[in-house]
Amino acid sequence: MSGYLLTNCAAAIVDEGDGLRVRRNVDLLTVGSAISAIGVDIARDALPAGTEVQDASGWFVYPGLVNTHHHFFQCFVRNRADLDWTKLSVIEWLDRIYPIFSQLTEACFYQSSLTAMAELIKHGCTTAFDHQYNFPRHAGTQLIDRQFEAADLLGMRFHAGRGGNTLPKSEGSTIPDEMLETTDAFIADCARLIDRYHDARPFSMRQVVVAPCQPVNCYRETFAESVSLARDRGVMLHTHVGEGESPVMQARHGRRTVDYLEELGFAGPDTFYAHCWELTHDELRTMARSGTGVSHCPEPVYLVGAEVTDLPAMSAFGLRLGLGCDGAASNDNSNLMHCLHSAYMLQCLVSSRRAHPVPSPVDFLRYGTSGGASLLGRSDIGRLAPGMAADLFAIDTRRMDYVGTRHDPLSLIARVGIGAPVDMTMINGRIVWQNGEFPGLDEAQMAADAEAALANVAF
Ligand SMILES: [Zn+2]
């Protein structure tokens with residue numbers, strides 16, 4: 001069984017069940033998929049056969065980041081002048097972007113997944129959840145299957161959110177007809193994907209989440225049947241909540257989104273919502289009572305110019321919190337490391353207007369690691385400790401970028417920000433990114449193939 005001994009790490013950010021803390025000048029040993037030991041001077045003469053020794057002097061070693069909200073397919077609409085949030089209303093933006101989304105081919109879904117996951121891995125992310133809700137009829141039925149294939153190629157731990165929309169525009173949704181599904185078809189494909197891919201065992205690399213896109217674009221039965229399926233099969237639930245739709249839900253159903261979902265049972269410790277920036281304190285307390293988690297995506301808050309998510313209140317009420325990039329339609333990067341920094345800065349900006357204190361930089365590191373793991377229902381990832389999955393990344397701090405910053409490794413990412421790709425990313429005990437390369441893969445060729453898939457779609 002192969003493994004690695006990282007020797008003399010300048011700092012390892014460990015959590016052995018008692019909170020995040022820094023251990024300086026320690027060794028870290030992995031065996032197979034797991035962290036085996038973290039300590040001073042692990043005996044070199046008693047290592048398991050096949051262990052590779054790497055000098056980690058100068059490295060800060062962190063638990064791998066866990067991304068809890070994304071839409072990989074949107075990578076192909078980045079950096080377009082005609083999709084400028086500051087010049088468009090949400091409706092105008094939707095009218096422009098959905099015709100683009102509906103043209104994507106199966107190859108686009110595969111290549112955009114590779115594109116997003118490659119960027120995530122370069123910046124220390126080791127587990128990715130994707131909310132794939134775009135199923136244009138011409139693109140076929142294998143889009144999430146192709147995402148699992150892309151994750152396998154890169155070695156990414158992947159949780160696939162099977163999204164979908166069922167309500168036609170004629171009944172008030174914003175979804176073009178060619179992207180609509182029936183509830184039966186949606187539920188049947190969720191069941192198929194769970195049967196084929198969902199692995200609930202420790203160190204699982206593949207899980208499936210039932211994730212109808214958002215209540216405002218689906219029939220009530222779609223959400224009710226999602227709850228039944230997920231509870232029956234023991235998988236997680238996810239959807240978009242509190243990003244401007246609550247007044248529409250109030251007018252349509254007589255209750256805002258949080259109450260609507262609570263009534264349906266689409267809430268609980270097995271459920272996490274994305275965004276939640278427009279929620280009242282009462283709604284946040286309701287979610288805290290049911291154990292429902294929040295994936296906070298800071299970048300769309302900047303772009304949309306909406307209410308700033310009240311993370312201090314969420315934290316004070318005991319909500320489980322994780323971080324997400326969100327899709328490239330409302331965040332032009334797939335860099336969760338950057339989002340961890342921007343999430344902290346965003347809260348500082350409005351701190352004087354808050355009833356509760358801004359969570360600390362260390363809290364933001366926790367949201368991006370063990371917090372995300374909690375949202376995904378995982379107790380085997382998100383922390384560096386013996387017995388946990390060997391998911392980690394390393395930053396060589398012997399660079400000008402880090403001079404004067406090494407006092408506090410716990411706060412480095414949130415306060416300083418990490419501008420460049422990390423020096424090493426390990427997932428499930430395998431190094432998938434090191435020294436600027438994906439070992440065994442040709443990045444230039446992958447980029448060319450992705451551009452070629454994009455070029456075949458006439459936007
Ligand atoms: Zn989203």
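Start by selecting Ala49, which sits in the loop between β3 (34-39) and β4. This is a predicted model, so treat the tour as a walk through a prediction. Is Ala49 buried or exposed? It is exposed, because just 7 other C-beta atoms lie within 10 Å, and the cut-off for exposed is 12 or fewer. Now add Val31 to the selection and draw a distance between the C-alpha atoms: Ala49 and Val31 are 18 residues apart along the chain, and the gap is 9.8 Å.

**Over to β1**

Keep Val31 on screen, since it leads to the next stop. Val31 in β2 is the bridge partner of Gly3. Select residues 3-14 and you have strand β1, which is mostly covered, with 10 of its 12 residues buried.

What does β1 pair with? Take the partners in turn:

- Strand β2 runs antiparallel to β1, and 9 bridges join the two.
- Strand β4 (residues 51-55) pairs with β1 in the parallel sense over 5 bridges; to see the register, show Tyr4, which stands opposite Glu52 in β4.
- Strand β5 (residues 59-63) is also parallel to β1, with 2 bridges; here Ala11 stands opposite Phe60.

Next, follow the chain from β1 into β2. The hairpin of these strands has 6 residues between them, and Gly17 there takes a positive phi near 95 degrees.

**Two asparagines with positive phi**

Stay with β2 and click on Asn25, which lies in this strand (residues 21-31). Its phi is near 55 degrees, a positive value in a residue other than glycine. Asn25 counts as partly exposed because 14 other C-beta atoms lie within 10 Å.

Now jump to Asn79, in the loop between β6 (65-67) and α1 (90-101). Phi of Asn79 is near 60 degrees, again positive in a residue that is not glycine. How many C-beta neighbours does Asn79 have inside 10 Å? There are 8, so Asn79 counts as exposed.

**A pair of helices**

Colour residues 106-122 and residues 143-154 to bring up α2 and α3. Two packed helices are described by the angle between their axes and the distance between the axes. For α2 and α3, the angle is about 35 degrees and the axes are 9 Å apart. The crossing is right-handed.

Turn on side chains to look at the contact itself. On the α2 side, show Glu106, Phe109, Tyr110, Ser113, Leu114, Met117, Ala118 and Ile121. On the α3 side, show Leu143, Arg146, Gln147, Glu149, Ala150, Ala151, Leu153 and Leu154. By class, the contact has 11 nonpolar, 2 polar and 3 charged residues.

**A strand covered on both faces**

Select residues 293-296 for strand β12. In a regular strand the side chains alternate between the two faces of the sheet. Which residues of β12 point to which side? Gly293 and Ser295 are on one side, Val294 and His296 are on the other, and all four residues are buried.

Add β11 (residues 271-275) to the view: β11 and β12 run parallel and are joined by 3 bridges. To line them up, find Phe272, which stands opposite Gly293 in β12.

**Out to α10**

Go to Ala313, in helix α10 (residues 311-316). Leaving aside residues up to four places away in sequence, Ala313 touches His281, Leu284, Ala355 and His356. It has 18 C-beta neighbours inside 10 Å, so Ala313 counts as partly exposed. For a sense of scale, draw a line from Ala313 to Ser57: their C-alpha atoms are separated by 40 Å, and the two residues are 256 apart along the chain.

**Zoom out**

Finish with the whole chain, which has 14 helices and 16 strands. Along its principal axes the C-alpha trace spans about 70 × 50 × 45 Å. How does the radius of gyration fit a compact globule? With 459 residues such a globule would have a value near 23 Å, and the chain has 21 Å, which agrees. Buried residues make up 51% of the 459 residues. Of the contacts between residues at least 6 apart in sequence, 76% join residues at least 24 apart.

How values were computed
Residues numbered from 1 in each chain as written. Predicted model: local features only at pLDDT ≥ 70, side-chain atom pairs only at ≥ 80, totals over all residues. Rg over C-alpha atoms; globule rule 2.2 N^0.38 Å. Buried ≥ 20, exposed ≤ 12 C-beta atoms within 10 Å, placed from the backbone. Contact = placed C-beta atoms within 7 Å. Axes fitted to C-alpha atoms, helices over the stretch in contact; angles between N-to-C directions. Left-handed = near helix turned anticlockwise from the far one by under 90°. Nonpolar A, V, L, I, M, F, W, Y, C, P; charged D, E, K, R; others polar. Pairing = 2+ DSSP bridges.
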